[in-house]
Amino acid sequence: MSEDDAGAGPGTGPRAGADEPPTRSRDDPVGTVFLVGSGPGDPDLLTVKAKRLIESADVVLHDKLPGPEILGEIPEAKREDVGKRAGGEWTPQEYTNRRMVELAEEGNRVVRLKGGDPFVFGRGGEEAEHLAAAGIPFEVVPGVTSAIAGPAVAGIPVTHRDHASSVSFVTGHEDPTKDESAVDWDALAATGGTIVVLMGVGKLPAYTAELRDAGLDGDTPVALVERATWPDMRVATGTLDSIVDARDEAGIEPPAITVIGDVAATRDRVVTFLENAGSAPVRSASEGGEPAEEGDGAPTEGGEAETDDGGGDAA
């Protein structure tokens, strides 16, 4: 459906060019839910539309992943935390679904704020289906995905003419109720392209072993980018054989992106010239020596967002 058709029914939204998209019409008191991607965490990487909708929202239902600077700019009175945290606080998805419907039925303009892009491992698709089934109008506002932006700010292109002509995005944290993994690591190892794993810090030993067993060379470059674009962003580099030790020595914790493939080595050739905040090198197991912290400080609470499937697109 084109933007000119917006407002024709559930699942549609106002025209992108409208100054202040209405959440309701005279004949329909039901409010609109906006499924909004916040990008990787730097407020400057919010889209213009995302920023406008956040400012004009009656209620913002947010995950842990948008980042402290973005969340800090939202008045507490209209902010509601529905995020998930590994080994800690946990908001059931059923509650979030129900809450979106309740608030919209009260006539509120609701922003459902997620890290990265709402449709990249962020349950945005599930929430869209729930809203449609409940007859609630909604609009999807894409965000800058951390799967690409995270590596990029660390000096790693996910594709490169000399190294990779394809890229695969996979989750390192699948639904625990599944009988078996839906990720075919054998097939990924055979592609010869870049593999980007989101929410995969905790299971790094398992899937690096699977990739080696599938025939991927142990010397394949690997990089971990923690909290990309956040003030405390950190990076560790190594190989398929050494990256677990590099993770532990550098103290990398969730949320983080794992980049596997020859493109990961590109960072070593450009890092000296990078001016992105927090992009200075970390000495990893593959480089020898003691790890050095990057950015403005150590990571905040460990384990955050490893299970934040409500907004899993994060670095």
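## Packing of α3 and α4

In this predicted model, helix α3 crosses helix α4 in a right-handed sense. The two helices, α3 spanning residues 93-105 and α4 spanning residues 124-133, pack with their axes 10 Å apart and at an angle of about 45 degrees. Because an angle that is neither under 35 degrees, nor over 145, nor between 65 and 115 counts as oblique, α3 is described as oblique to α4.

The residues that form this contact are Q93, T96, N97, R98, M100 and V101 on the α3 side, which meet E126, E127, H130 and L131 on the α4 side. Sorted by class, the contact between α3 and α4 is made up of three nonpolar, four polar and three charged residues.

## The five-stranded sheet

The model also contains an open sheet of five strands, which are arranged in the order β3-β2-β4-β1-β5 and pair in parallel fashion. The edges are taken by β3 (79-81) and β5 (138-141), and since each of these has a single partner strand, one side of each remains without a neighbour in the sheet. On average, and with direction ignored, neighbouring strands of the sheet are turned by 20 degrees against each other.

## Pairing of β2 with β4

Within the sheet order, β2 is followed by β4, and the pairing of these strands can be described at the residue level. Strand β2 (residues 59-62) and strand β4 (residues 110-114) run parallel and are joined by four bridges. In this pairing, V59 has V110 of β4 standing opposite.

Note on methods
Residues are numbered from 1 along each chain as its sequence is written. This is a predicted model: local features need pLDDT of at least 70, side-chain atom pairs count only at pLDDT 80 or more; totals for chains, interfaces and linings use all residues. Side-chain values use heavy atoms; hydrogens and water are left out. Two strands pair if DSSP finds at least two bridges between them. Axes are lines fitted to C-alpha atoms, for helices over the stretch in contact, and angles run from 0 to 180 degrees between N-to-C directions. A crossing is left-handed if the near helix is turned anticlockwise from the far one by less than a right angle, and right-handed if clockwise. Contact means heavy atoms within 4.5 Å. Ala, Val, Leu, Ile, Met, Phe, Trp, Tyr, Cys and Pro count as nonpolar, Asp, Glu, Lys and Arg as charged, and the others, Gly among them, as polar.
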